[in-house]
Amino acid sequence: MTRSVTVRVPAKVNAQLAVGAPRPDGFHGLANVFLAVGLYDEVTVTPADGLTVTCSGPDAAQVPLDTTNLAARAAMALAGRYGLAPDVHLHIAKDIPVAGGMAGGSADGAAALLACDALWSTGASREELLALCAELGSDVPFSLVGGAALGVGRGERLTPIEVGGSFHWVFAVADGGLSTPAVYGEFDRLTTGTDVPEPTASAPLLAALRAGDTTALADALSNDLQAAALSLRPSLADTLAAGTAAGALAALVSGSGPTTAFLVADEESARKVAEALITSGTCRTARAAVSPAPGATIQRP
Ligand code: C5P
């Protein structure tokens, strides 16, 4: 019998994305408040003759199946570290919208790493896995840990955050993506000649999360990349306005976009806002989800 390992992994939203000036290495210092949200991909690894990737789900056609896929790169990175051959078939059952801003690619990287680690019994420590995640991308460590965390450095150095309740969100999925480097580049262009402050976590935001207070969280959400994302994709302003008009307590671009996130009062409001966004014609689709959600988890049959 061929053994397989399946890992379930969540999407994320940034409750705060404070961006500093570009560093000498080209990355930007961040204070990144990540919340994992309950939309999940599942990555299954099965021993095979070589490394192959398949994907299923409504957005599967948009997922690269070559070695640019972070799941494939994760398998190669872990195999390389332990002197193994990355001879696995990776299947991604994709439910996280493919558009950008929800860390779907990073999620698959973290899931593949955890699944291959279990399949190969490498004995890697949690710290080693997190370090490999950080090499794969700035958001990948958070996909592994989930929950809620503050990410500093380029977003990869994580501290868990206490969350005192559940928050309801709606995500509007845009047509087409936005390049993350292009959005950071636009941020640099828009802030040229200004004094970009050191990024720091917002005390009111952390207090709202700790208290589980949706109204206070709505007032405290912020994304320093929003102006840059709107500059490159002005139509996102129509999506934000449609969600606000439908009763969302707050609307913001998720990460570097183009996905937009709407904080809502409860499940009933989430249903209404999602329906209104879909009928507004300002997005491809809309999905409701609750945060926080657990990180990458091995699924037991
Ligand atoms: O780390 P990741 O591969 O996700 O980063 C993609 C791109 O986003 C980087 O090449 C860089 O242009 C930009 N980025 C940045 N500062 C960060 C994270 C990402 O400038 N903290």
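Q: What makes the crossing of H9 and H10 right-handed?
A: A right-handed crossing has the near helix turned clockwise from the far one by less than a right angle. The crossing of H9 and H10 fits that class. This is a predicted model, with local features needing pLDDT of at least 70 and side-chain atom pairs pLDDT 80 or more, while totals for chains, interfaces and linings use all residues. Residues are numbered from 1 along each chain, and side-chain values use heavy atoms, without hydrogens and water.

Q: Why are H9 and H10 called oblique to each other?
A: The axes of H9 (residues 236-245) and H10 (residues 267-280) cross at roughly 140°. Parallel is under 35 degrees, antiparallel over 145, perpendicular 65 to 115, and the rest is oblique. H9 and H10 are therefore oblique.

Q: Which residues of H9 and H10 meet?
A: Thr239, Ala242 and Gly243 in H9 meet Val273, Leu277 and Ser280 in H10, with contact set at heavy atoms within 4.5 Å. By class, that contact has three nonpolar, three polar and no charged residues.

Q: What is the relation of H2 to H3?
A: The axes of H2 (residues 104-120) and H3 (residues 126-136) come within 10 Å and cross at roughly 140°. That makes H2 oblique to H3. Leu113, Leu114 and Asp117 of H2 touch Leu129, Leu132 and Cys133 of H3.

Q: How do you know on which side of H6 the buried residues lie?
A: Leu205, Ala208 and Leu209 are the buried residues (under 20% relative accessible area) of H6 (residues 203-211). They cover an arc of only 100° around the axis, so they share the same side of H6. On the other side, Ala203, Pro204 and Ala211 are exposed (over 50%).

Key. Axes fitted to C-alpha atoms, helices over the stretch in contact; angles between N-to-C directions. Helix = DSSP H or I, 4+ residues; strand = E, 2+ residues; numbered from the N terminus. Buried < 20%, exposed > 50% of the residue type's maximum accessible area, 1.4 Å probe, protein only. Arc of directions from axis to C-beta. Nonpolar A, V, L, I, M, F, W, Y, C, P; charged D, E, K, R; others polar.
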